[in-house]
Amino acid sequence: MARYITATEFRNRTNLQSAEYTDAQLEQLIDEATDEIDFKTNRTWQGTVSLTDEYYDGDGKTELWLEKGDVSSIDALSIDEEYDGNYVSVTTSKVLLYEDEGYIVLDTARYSNIEVEQFTKGNKTVKVSFTYGNSTPTEFVKSLCALMVLNDINPSTDLQERIDKRINLLRTNTIRLV
């Protein structure tokens, strides 16, 4: 697992001395904060991850939200058109991908010959393989990680409110992360 900040980076940001917390203690807190950021935002900055044959429920529409953001590619897409367990492969170049949000659309407007025209309504009618994630944490993510560790060391209501706001920003993609 990659940490979003190192113990040294945390000490530089906070002026925390090694006599107060060892590097091993800080690294444990940093690991916990890193995991919590990924969990609460449903995103990662620990590198890209490829998921294969993830199943989703269709709703009879042409749009589908994936459970992850920061999707860099759709590698395969199949839809159980008849709800019979037989999946029809869809040409991925006929699918629009909104990368930051993890939102895909069957591009029926431009491709009248698309293999399937909607995500069949039902449980597990969509099977998708995709790659998501970011290879390195942004300064915003590093700062959030440091704030979370600092709040673990010295809890504060004001600091927790700042943390919650930053997590919400990352979760809803209301800021552009470059």
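**Close-up 1. Tyr83 and its backbone in the loop between strand 3 and strand 4.** In this predicted model, Tyr83 is found in the loop that runs between strand 3 and strand 4 (88-89). The phi angle of Tyr83 is near 55°, which is a positive value in a residue other than glycine. With a relative accessible area of 48%, Tyr83 is partly exposed, a value that falls short of the mark of over 50% set for an exposed residue.

**Close-up 2. A negative surface patch with Glu117 as one of its members.** Glu81, Glu82, Asp84 and Glu117 together form a negative patch on the surface. Glu117, one of these four residues, lies in the loop between strand 6 (103-106) and strand 7 (122-132). The relative accessible area of Glu117 is 53%, and this residue is therefore classed as exposed, the cut-off for that class being over 50%.

**Close-up 3. Asn42 in the loop that follows helix 2.** Asn42 is found in the loop between helix 2 and strand 1, and its phi angle is near 60°, a positive value in a residue other than glycine. The relative accessible area of Asn42 is 32%, so the residue counts as partly exposed.

**Close-up 4. The salt bridge between Arg43 and Asp70.** The side chains of Arg43 and Asp70 meet in a salt bridge, with a distance of 2.6 Å from N to O. Because Arg43 lies in the loop between helix 2 and strand 1 (49-58), and Asp70 in the loop between strand 2 (63-65) and strand 3 (71-79), the pair ties together parts that are 27 residues apart in sequence. Arg43 is buried, with a relative accessible area of 5%, and Asp70, at 8% relative accessibility, also counts as buried.

**Close-up 5. The salt bridge between Lys40 and Glu36 within helix 2.** A salt bridge joins the side chains of Lys40 and Glu36, at 2.8 Å from N to O. The two residues are 4 residues apart in helix 2, and they are therefore separated by about one helical turn. Lys40 counts as partly exposed at 32% relative accessibility, and Glu36 likewise counts as partly exposed at 32%.

**Close-up 6. The salt bridge between Arg11 and Asp23.** A search of the whole structure finds 7 salt bridges, among them the one between Arg11 and Asp23, in which the closest N and O atoms are 2.9 Å apart. Since Arg11 lies in helix 1 and Asp23 in helix 2, this pair ties together parts that are 12 residues apart in sequence. Arg11 counts as buried, at 13% relative accessibility, whereas Asp23 counts as partly exposed, at 39%.

**Close-up 7. The largest nonpolar core and the helices that supply it.** The largest nonpolar core has 22 residues, and those with the most contacts inside it are Phe10, Ile37, Leu144, Cys145, Met148, Val149 and Ile163. At least two residues of this core come from each of helix 1 (7-14), helix 2 (23-41), helix 3 (139-153) and helix 4 (157-172). Helix 3 gives the most to this core, with 7 residues.

Technical notes: Residues are numbered from 1 along each chain as its sequence is written. This is a predicted model: local features need pLDDT of at least 70, side-chain atom pairs count only at pLDDT 80 or more; totals for chains, interfaces and linings use all residues. Side-chain values use heavy atoms; hydrogens and water are left out. Patches are made of residues with over 30% relative accessible area and no salt bridge: like charges are joined within 9 Å, nonpolar side chains (Val, Leu, Ile, Met, Phe, Trp, Tyr) within 5 Å. Accessible areas come from the Shrake-Rupley method with a 1.4 Å probe; for residues, only the protein chains shown count as cover. Lys and Arg count as positive and Asp and Glu as negative; His and the chain ends are not counted. The place of a charge is taken as NZ of Lys, CZ of Arg, CG of Asp or CD of Glu. Buried means under 20% relative accessible area, exposed over 50%, partly exposed in between (1.4 Å probe, protein chains only). A nonpolar core is a set of buried Ala, Val, Leu, Ile, Met, Phe, Trp, Tyr and Cys residues joined through side-chain atoms within 4.5 Å.
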